[in-house]
Number of protein chains: 2
Amino acid sequence: MAHRSPISSIDGKLAEEFAVPSHVEEVKEKMSAFAAHHAAAGRRVVLITSGGTKVPLESRTVRFLDNFSSGRRGASSAEYFLDSGYAVIFLHRHRSLYPYTRTFSTINVLDALQFRCGEDASDTSGEVVVNQQVLPNITKVLKRYQEVRDSRLLLPIEFSTLSEYLHLLKAAAQALSTIGSKAMFYLAAAVSDFYIPASEMPEHKIQSSNGPLQLSLNMVPKILSPLVKDWAPQAFVISFKLETDANILLDKARRALDTYRHQVVVANVLDSRRGYVVVVTPLTQAELILTEEDVKNEVEIEERIVSNLTSAHNKFITQQAG
Amino acid sequence: MAHRSPISSIDGKLAEEFAVPSHVEEVKEKMSAFAAHHAAAGRRVVLITSGGTKVPLESRTVRFLDNFSSGRRGASSAEYFLDSGYAVIFLHRHRSLYPYTRTFSTINVLDALQFRCGEDASDTSGEVVVNQQVLPNITKVLKRYQEVRDSRLLLPIEFSTLSEYLHLLKAAAQALSTIGSKAMFYLAAAVSDFYIPASEMPEHKIQSSNGPLQLSLNMVPKILSPLVKDWAPQAFVISFKLETDANILLDKARRALDTYRHQVVVANVLDSRRGYVVVVTPLTQAELILTEEDVKNEVEIEERIVSNLTSAHNKFITQQAG
């Protein structure tokens with residue numbers, strides 16, 4: 001019998017138990033071209049994952065498991081990476097927060113639009129303008145959005161299910177492996193730890209008339225392992241650890257670094273995640289904290305995280321070259 | 001020992017096992033005032049529920065169960081009810097589709113905005129206008145949105161969790177009971193059939209290091225029962241039945257009418273729900289179908305559903321009065 005390494009068994013599991021999205025090869029080519037183009041122009045490329053994954057309970061899905069995540073951290077980080085000169089592949093959950101657009105995610109856009117002043121209100125041919133009292137930052141945000149769009153520095157890719165996420169992340173890792181240490185992986189998505197294998201999934205909607213529901217979920221293969229060892233071994237890799245219990249957080253972060261041998265874990269607690277994180281590396285540990293002053297000035301913690309990580313990536317590239 | 005009827009036991013369960021949202025009394029008063037005001041002005045009032053419910057697996061929630069639902073049916077139905085002269089309470093899942101705004105839910109709004117033509121592109125003080133080639137219907141949609149807003153015919157209420165949904169629906173039913181048969185309940189939300197009682201829920205994030213996950217879910221109490229019998233006994237009540245298996249659909253719809261004694265079940269199959277529904281009442285059964293011609297003309301099935309139901313509501317009011 002052939003020996004199966006942990007890596008190849010994860011590869012096997014991926015192929016067997018998680019439906020392959022039909023467009024994965026097409027997306028992979030797009031990502032390869034994007035990475036090659038920007039690396040040739042001297043840029044680094046970061047792959048950001050963002051938002052939660054959907055785990056269907058039925059193959060014709062009515063019900064699913066999900067992870068709490070608006071995608072705020074990924075979307076705002078993308079902006080700061082772009083500001084730092086990175087090209088960004090934004091692998092995000094469908095309808096999660098999006099760079100720039102996120103700044104008005106809490107308002108109804110129709111409340112920010114109005115017919116051009118001075119015109120007859122009954123004239124439906126009129127121009128529709130943004131009310132800048134409702135959206136005071138719109139010119140700044142729109143200008144930056146258009147610059148990024150025109151420079152093609154942002155490549156958005158969507159996923160919804162866990163299966164899509166896993167296959168697209170693998171494709172991204174393989175696409176970025178060609179640019180070596182210039183690639184960064186910023187794995188901020190909230191990925192399910194559990195799933196129901198396709199073979200054990202009922203086709204139709206689970207009937208409530210059958211009584212209480214017993215669900216038995218398998219553990220999702222730890223994709224970080226083949227990503228670091230096999231798919232993109234030269235890249236700079238950051239994973240995130242979110243806990244609700246602060247007491248176990250740093251221990252779990254250190255254990256993740258030991259297990260997967262990647263470069264950084266950004267550790268955070270659910271309740272304080274917008275003002276406090278710990279950037280953990282094999283030899284260091286840095287607390288990033290927003291002061292009250294920062295909060296008043298609308299500083300975002302992602303600006304600090306990205307600043308910390310782009311410096312570390314710098315050093316990493318130099319070391320790899322040396 | 002006191003006898004507990006099925007209704008009072010559902011009330012008891014609601015109070016014991018589903019956290020009461022802190023603002024429920026405030027919302028109830030708002031809904032009461034809204035209903036009284038519009039009924040006095042001779043209008044009927046429909047309560048629309050829309051979107052899926054979130055069922056937390058942990059009390060500090062990282063993971064949750066969800067139901068497939070964008071909220072499209074509820075949001076578009078709200079528009080047709082408003083067009084038919086109804087006042088609408090829109091009880092919807094946070095971030096699900098919203099009336100009028102839904103029409104551009106698939107585009108990034110920043111792609112539809114531009115700096116005013118002819119102006120210097122570097123002038124950030126400029127006006128921002130809607131590009132009507134990207135949003136060709138914006139003047140029509142905005143005008144209608146503003147009319148509805150200014151006339152206060154739409155009262156939006158949000159929920160996220162199943163607990164919030166259940167308590168807010170009960171509050172709505174009690175608020176609308178004062179206007180008798182003039183109230184319609186259009187229960188289009190995709191409500192979970194299963195939940196984890198607060199007493200059995202772990203506080204912290206479930207650890208994947210503990211191995212595969214066994215979940216045991218209780219059945220959600222059938223709130224339609226006390227709603228019809230007790231909370232709003234004179235109202236016109238429509239429930240929805242979504243299945244993936246067409247073979248069991250009509251049987252399940254008839255059984256629901258037998259069990260809950262309400263007026264209408266709108267039955268639909270997941271794959272065909274945008275072009276085909278069956279409106280089932282105790283004595284009748286009407287198929288509503290969009291033709292290819294309809295689809296080309298962008299007719300929506302909700303227009304047909306609402307037209308069918310407002311007529312039926314008419315007859316119902318007359319019968320109740322007679």
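This tour moves through a predicted model, from the interface between its two chains to selected parts of chain A.

**Stop 1: the interface as a whole**

Colour chain A and chain B separately, then select the residues of each that touch the other chain. On chain A there are 68 such residues, and they are in contact with 67 residues of chain B. Together the two chains bury an area of about 6,300 Å² between them, and carbon and sulfur atoms give 55% of that area. Next, select A:Leu110, A:Phe194 and A:Thr244. These residues supply 10% of the area that chain A buries against chain B, more than any other three residues.

**Stop 2: charges and polar contacts across the interface**

Show the side chains at the interface. How many salt bridges does the rule find across the interface of chain A and chain B? The rule finds six. To inspect a salt bridge, select A:Asp111 and B:Arg149, whose closest N and O atoms are 2.9 Å apart. Polar contacts can be examined in the same view: 25 residue pairs are in polar contact between chain A and chain B.

Now display the helices and strands of chain A. The elements that each supply at least two residues of the side touching chain B are β3 (63-67), β5 (113-115), β6 (128-130), α4 (138-151), β10 (213-219) and β11 (236-243). Select α4(A), which gives the most to this side of chain A, with eight residues. Sorted by class, the side of chain A that touches chain B has 31 nonpolar, 19 polar and 18 charged residues.

**Stop 3: two sheets that contain strands of both chains**

Select β9 and β10 in each chain. The four strands form an open sheet in the order β9(A)-β10(A)-β10(B)-β9(B), with antiparallel pairing. In this sheet, β9 (194-195) of chain A and β9 (194-195) of chain B stand at the edges; each has a single partner strand, so one side of each is left without a neighbour in the sheet. Zoom in on β10(A) and β10 of chain B (residues 213-219), which pair in the antiparallel sense over five bridges. Here A:Leu213 stands opposite B:Leu217, and the bridge partner of A:Gln214 is B:Ser216.

Then select β2 and β3 in each chain. These strands make another open sheet, ordered β2(A)-β3(A)-β3(B)-β2(B), and the pairing is again antiparallel. Which strands stand at the edges, each with a single partner strand? They are β2 (55-56) of chain A and β2 (55-56) of chain B, so one side of each is left without a neighbour in the sheet. On the chain B side, β2(B) pairs with β3 (residues 63-67) over two bridges, in the antiparallel sense. Select B:Pro56 to find its bridge partner, B:Phe64, in β3(B).

**Stop 4: strand β4 of chain A**

Move to β4 (residues 87-93) of chain A. Seven of its seven residues are buried. In a regular strand the side chains alternate between the two faces of the sheet. To see both faces here, select A:Ala87, A:Ile89, A:Leu91 and A:Arg93 for one side, then A:Val88, A:Phe90 and A:His92 for the other; all are buried.

Add the partner strands to the view. Strand β1 (residues 45-50) of chain A pairs with β4(A) in the parallel sense over six bridges, and A:Ser50 has A:His92 as its bridge partner. Strand β7 (residues 154-159) of chain A also runs parallel to β4(A), joined to it by six bridges. In that pairing, A:Ile89 stands opposite A:Leu155.

**Stop 5: a helix and two residues**

Select helix α6 (residues 224-231) of chain A. Six of its eight residues are buried, so the helix is largely enclosed by the rest of the structure. The buried residues are A:Leu224, A:Ser225, A:Pro226, A:Leu227, A:Val228 and A:Trp231.

Next, select A:Ser76 in helix α3 (residues 72-83) of chain A. Is A:Ser76 buried or exposed? With 0% relative accessibility, A:Ser76 counts as buried. Leaving out residues up to four places away in sequence, A:Ser76 touches A:Arg102, A:Glu300 and A:Glu302. The side chains of A:Ser76 and A:Glu302 are joined by a polar contact of 3.2 Å.

Finally, select A:Thr161, in the loop between β7 and α5 (162-176) of chain A. A:Thr161 has a relative accessible area of 19% and is buried, because the cut-off for buried is under 20%. Apart from neighbours within four places in sequence, A:Thr161 is in contact with A:Thr53, A:Lys54 and A:Pro56.

Conventions: Residues are numbered from 1 along each chain as its sequence is written. Chains are lettered from A and ligands numbered from 1 in the order in which they are written. This is a predicted model: local features need pLDDT of at least 70, side-chain atom pairs count only at pLDDT 80 or more; totals for chains, interfaces and linings use all residues. Side-chain values use heavy atoms; hydrogens and water are left out. Contact means heavy atoms within 4.5 Å. Buried area is the accessible area (1.4 Å probe) that two parts lose on being put together, summed over both. A salt bridge is a side-chain nitrogen of Lys or Arg within 4 Å of a carboxyl oxygen of Asp or Glu. A polar contact is a pair of N or O atoms within 3.5 Å; within protein, one must be able to donate a hydrogen and the other to accept it, and residues adjacent in sequence count only if both atoms are side-chain atoms. Ala, Val, Leu, Ile, Met, Phe, Trp, Tyr, Cys and Pro count as nonpolar, Asp, Glu, Lys and Arg as charged, and the others, Gly among them, as polar. Two strands pair if DSSP finds at least two bridges between them. Buried means under 20% relative accessible area, exposed over 50%, partly exposed in between (1.4 Å probe, protein chains only).
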